[in-house]
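Visitor: I am new to this structure and would like a close look at a single part of the chain. Could you take me through one residue and then its surroundings?

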Amino acid sequence: MSLIEAGSGRIELDVRGAAGSPNARVRLFDWAREGEYHVVFGVEAADAGVQARIETVEVTVWDRLDDFFDGLAQDFRGWDGERVWTRR
């Protein structure tokens with residue numbers, strides 16, 4: 001994982017796969033603070049020739065995105081099925 005300053009005040013978070021999947025990558029980019037509790041950013045994910053991109057994700061402190069990422073981290077070896085985060 002790396003936090004990169006991509007330009008004048010532009011920050012990116014880049015998470016790359018481990019040895020078992022070195023091409024896997026999730027990148028959060030174009031961060032913008034829309035208010036004290038509201039952040040907007042883009043997400044890009046890629047692995048083994050597949051790429052997905054969402055230009056705008058809006059998150060507030062009340063959306064509990066941390067719970068979703070905590071679950072992914074706890075099950076880092078994988079899981080069955082699909083995991084989806086939605087705003088509450």
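Guide: Aspartate 63 is buried, with a relative accessible area of 4%, where buried means under 20% relative accessible area, exposed over 50%, and partly exposed in between (1.4 Å probe, protein chains only). This is a predicted model, in which local features need pLDDT of at least 70 and side-chain atom pairs count only at pLDDT 80 or more, while totals for chains, interfaces and linings use all residues. Residues are numbered from 1 along each chain as its sequence is written, and side-chain values use heavy atoms, with hydrogens and water left out.

Aspartate 63 sits in the loop between β5 (50-60) and α1 (65-74); helices (H or I, at least four residues) and strands (E, at least two) are DSSP runs, numbered from the N terminus. From this loop, the side chain of aspartate 63 reaches the backbone nitrogen of threonine 60 at 2.7 Å.

Following β5 back to its partner, one finds that β4 and β5 pair in the antiparallel sense over nine bridges, two strands being paired if DSSP finds at least two bridges between them. Within this pairing, alanine 46 has glutamine 51 of β5 as its bridge partner. The two strands form a hairpin with two residues between them, and alanine 48 in the turn has a positive phi of about 45°.

β4 is also joined to β3, which runs antiparallel to β4, by eight bridges, and phenylalanine 29 has glycine 42 in β4 as its bridge partner. Tyrosine 37 lies in the loop between β3 (25-35) and β4 (38-47) and, at 41% relative accessibility, counts as partly exposed.

How values were computed: Polar contact = N/O pair within 3.5 Å; in protein donor to acceptor, adjacent residues only side chain to side chain.
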